[in-house]
Amino acid sequence: MTVQNRHRIPCPHCGENVRVRKSQGLTPVYREAILECRNEACGFRGKASIELTHTLTPSDMPNPTVELPLVPRLRELAMSQAALAATG
Ligand SMILES: [Zn+2]
């Protein structure tokens, strides 16, 4: 992995960036990861969970087993468009 990820996760103890040692997808929307501090003097390791909670832009190839609610703002937009379509 040489890609520099701009969304860094700091170690909760020393503030150095942590690296993801491994991650395991438990469901299509839920993943657990082992994080390891890059600071050898710190040595912290921890477990993190990454969960997809909402849809920002719906997929054009939706997985029928995945149900992620739209973020509230988009839901309002979709409902107002549905209302317009119903009246128009
Ligand atoms: Zn640390």
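**Confidence**

I began with the scores: H1 has the lowest mean pLDDT among the elements of the chain, at 79, and E2 has the highest, at 96. This is a predicted model, so I wanted those values before anything else. For the chain I noted an average pLDDT of 88. A score of at least 70 is reached by 91% of the residues.

**Elements and overall form**

I counted the elements next. The chain holds three strands and one helix. Read from the N terminus, I get the run β-β-β-α. The chain is more spread out than a compact globule, because its radius of gyration is 19 Å, well over the 12 Å that the globule rule gives for 88 residues. I then looked up the extents along the principal axes. The C-alpha trace spans about 65 × 25 × 25 Å.

Burial came next. I found that 2% of the 88 residues count as buried. I also checked contacts with a separation of 6 or more. Residues 24 or more positions apart account for 21% of them.

**Domains**

I noted two domains in the chain. Domain 1 covers 1–52 and domain 2 covers 54–88. How far apart do the C-alpha centres of domain 1 and domain 2 lie? I read 31 Å between the two centres.

**The sheet**

I followed the strands in order. They make an open sheet of three, E1-E2-E3, and the pairing is antiparallel. Which strands stand at the edges? E1 and E3 do, each with a single partner strand, so one side of each has no neighbour in the sheet. Ignoring direction, I note that neighbouring strands are turned by 25 degrees against each other on average.

I took the E1 and E2 pair first. Eight bridges join these antiparallel strands. They form a hairpin, and two residues lie between them. On this pair I marked Arg-19, which stands opposite Glu-36 in E2.

Then I took E2 and E3. E2 covers residues 30–37, and seven bridges join it to E3. This pair also runs antiparallel. I wrote down two of the facing pairs. Ala-33 stands opposite Ala-48 in E3. Ile-34 has Lys-47 as its bridge partner in E3. I kept one general point beside these pairs: in a regular strand, side chains alternate between the two faces of the sheet.

**Edge strands: buried or open?**

I checked burial strand by strand. E1 has ten residues, and one of them is buried, so E1 lies largely in the open. E3 spans residues 45–51. None of its seven residues is buried, so E3 too lies largely in the open.

**Gln-24**

I picked Gln-24 in strand E1. Is Gln-24 buried or exposed? I count 9 C-beta neighbours inside 10 Å, and the cut-off for exposed is 12 or fewer. Gln-24 therefore counts as exposed. Leaving out residues up to four places away in sequence, I find that Gln-24 touches Arg-31 and Glu-32. I also looked up its distance to Cys-11, which is 13 residues away along the chain. The C-alpha atoms of Gln-24 and Cys-11 are separated by 20 Å.

**The segment before E1**

I went back to the segment before strand E1, which itself covers 18–27. His-7 is found in that segment. His-7 counts as exposed because it has 4 C-beta neighbours inside 10 Å. Its C-alpha lies 10.0 Å from that of Asn-17, ten residues away in sequence.

Arg-8 is in the segment before E1 as well. I find 11 other C-beta atoms within 10 Å of Arg-8, so Arg-8 is exposed. How far is Arg-8 from Val-18, C-alpha to C-alpha? I read 7.6 Å, for a pair ten residues apart along the chain.

**Helix H1**

I finished with helix H1, residues 72–87, where Gln-81 is found. Gln-81 has 11 C-beta neighbours inside 10 Å, so Gln-81 counts as exposed. I checked Gln-81 against Thr-55, 26 residues away in sequence. Their C-alpha atoms are 17 Å apart. Beside this entry I repeated the confidence note: H1 has the lowest mean pLDDT of the elements, 79.

Technical notes. Residues numbered from 1 in each chain as written. Predicted model: local features only at pLDDT ≥ 70, side-chain atom pairs only at ≥ 80, totals over all residues. Helix = DSSP H or I, 4+ residues; strand = E, 2+ residues; numbered from the N terminus. Rg over C-alpha atoms; globule rule 2.2 N^0.38 Å. Buried ≥ 20, exposed ≤ 12 C-beta atoms within 10 Å, placed from the backbone. Contact = placed C-beta atoms within 7 Å. Domains from an automatic or database assignment. Pairing = 2+ DSSP bridges. Axes fitted to C-alpha atoms, helices over the stretch in contact; angles between N-to-C directions. pLDDT = per-residue confidence, 0-100.
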